[in-house]
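Here are my notes on the model you sent over. Have it open while you read, and click on each residue as its name comes up.

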Amino acid sequence: MQKMSASDFSREEMILRNKNEYGENYDQLKWLSREQAVRAAQEREELLHWLSGHIQLGYKNTKLDVTQLSPGCRICGEGSWSCLF
């Protein structure tokens, strides 16, 4: 039997939590391959680098343009309210 590393345990734990959360729908989820995830992360970094000269990041870099946020987004970003949008 092969010994599991800490990262393997964390991965297995995350998989189990997702299976529990999504139940019978878990098998319908589409997952990225490691290569796709690396490419997506690289593309994200390139886009954020390009955008950095054109926008103002805010709220722990979760909002790309904080110059025109709605009042609800501002309250959420400040931690007084939470939303999923």
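**Notes on the model**

1. Let's begin with one side chain: Glu12 is partly exposed, with a relative accessible area of 39%. Its salt-bridge partner is Arg11, and the closest N and O atoms of the two are 3.6 Å apart. Arg11 counts as partly exposed too, at 47% relative accessibility. Keep Arg11 in mind, as the name comes back further down.

2. Before going on, remember that this is a predicted model. How confident is the predictor in the protein chain? The average pLDDT is 83, and 87% of the residues score at least 70. Going helix by helix, α2 has the highest confidence, at 92, while α1 has the lowest, at a mean of 83.

3. Now the overall layout. The protein chain has 3 helices and 0 strands, so you can read the pattern along the sequence as α-α-α. The protein chain has 85 residues, and 8% of them count as buried. Many of the points below come back to how buried or exposed a side chain is.

4. How many salt bridges does a search of the whole structure find? The count is 3, and the Arg11 and Glu12 pair is one of them. Another joins Glu13 to Arg17, with 2.6 Å from N to O. Both of these residues sit in helix α1, which covers residues 6-22, and they are 4 residues apart, or about one turn of the helix. Try looking at that helix from the side to see the spacing.

5. Are Glu13 and Arg17 buried or exposed? Glu13 counts as partly exposed, at 30% relative accessibility. Arg17 has a relative accessible area of 55%, and because the cut-off for exposed is over 50%, Arg17 is exposed.

6. There is also a salt bridge between Arg44 and Glu45, where the closest N and O atoms are 3.4 Å apart. Arg44 comes out at 46% relative accessibility, which is partly exposed. Glu45 is at 48% and is also partly exposed.

7. On to the rings. How many aromatic pairs are there? The count comes to 1. That pair is Tyr26 with Trp31, at 6.1 Å centre to centre and with 45° between the planes. Why is the pair called tilted? Planes under 30 degrees apart count as stacked and those over 60 as edge-to-face, so an angle between these limits is tilted.

8. The two partners of that pair make a nice contrast. Tyr26 is buried, with a relative accessible area of 13%, whereas Trp31 is exposed, at 51% relative accessibility. Buried means under 20% and exposed means over 50%, so check both values against those limits.

9. Next come the pockets. The largest pocket holds about 230 Å³ of space. Which residues line the largest pocket? They are Arg11, Trp31, Leu32, Arg34 and Ala37. Sorted by class, this lining has 3 nonpolar and 2 charged residues, with no polar ones. Arg11 is the residue from the salt bridge with Glu12, and Trp31 is the one paired with Tyr26.

10. The second largest pocket has a volume of about 160 Å³. Its lining is made up of Arg11, Met14, Ile15, Asn18, Tyr26 and Trp31. By class, that gives 4 nonpolar residues, 1 polar and 1 charged. Both rings of the aromatic pair, Tyr26 and Trp31, are in this list. Arg11 and Trp31 turn up in the lining of the largest pocket and again in the lining of the second largest.

11. Where is Lys63 found? Look in the loop between α2 (34-51) and α3 (71-77). Is Lys63 buried or exposed? Lys63 is buried, with a relative accessible area of 18%. Then find Arg74: Lys63 and Arg74 are 11 residues apart in sequence, and their C-alpha atoms are 9.9 Å apart in space.

12. One last residue: Tyr59, which also lies in the loop between α2 and α3. Tyr59 counts as partly exposed, at 22% relative accessibility. Along the chain, Tyr59 and Glu78 are 19 residues apart, and their C-alpha atoms are separated by 7.4 Å.

Notes. Residues are numbered from 1 along each chain as its sequence is written. This is a predicted model: local features need pLDDT of at least 70, side-chain atom pairs count only at pLDDT 80 or more; totals for chains, interfaces and linings use all residues. Side-chain values use heavy atoms; hydrogens and water are left out. Rings of Phe, Tyr and Trp (its six-membered ring) pair if their centres lie within 6.5 Å; planes under 30 degrees apart count as stacked, over 60 as edge-to-face and the rest as tilted. Buried means under 20% relative accessible area, exposed over 50%, partly exposed in between (1.4 Å probe, protein chains only). A salt bridge is a side-chain nitrogen of Lys or Arg within 4 Å of a carboxyl oxygen of Asp or Glu. Helices (H or I, at least four residues) and strands (E, at least two) are DSSP runs, numbered from the N terminus. On a 1 Å grid over the protein atoms alone, a cavity is a set of points where a 1.4 Å probe fits but cannot get out, and a pocket is an open set with protein on both sides within 12 Å along at least five of seven lines; lining residues have an atom within 4 Å of a point. Grid points are joined across faces, edges and corners, and a volume is the space filled by probe spheres set on the points. Ala, Val, Leu, Ile, Met, Phe, Trp, Tyr, Cys and Pro count as nonpolar, Asp, Glu, Lys and Arg as charged, and the others, Gly among them, as polar. pLDDT is the predictor's confidence in each residue, from 0 to 100.
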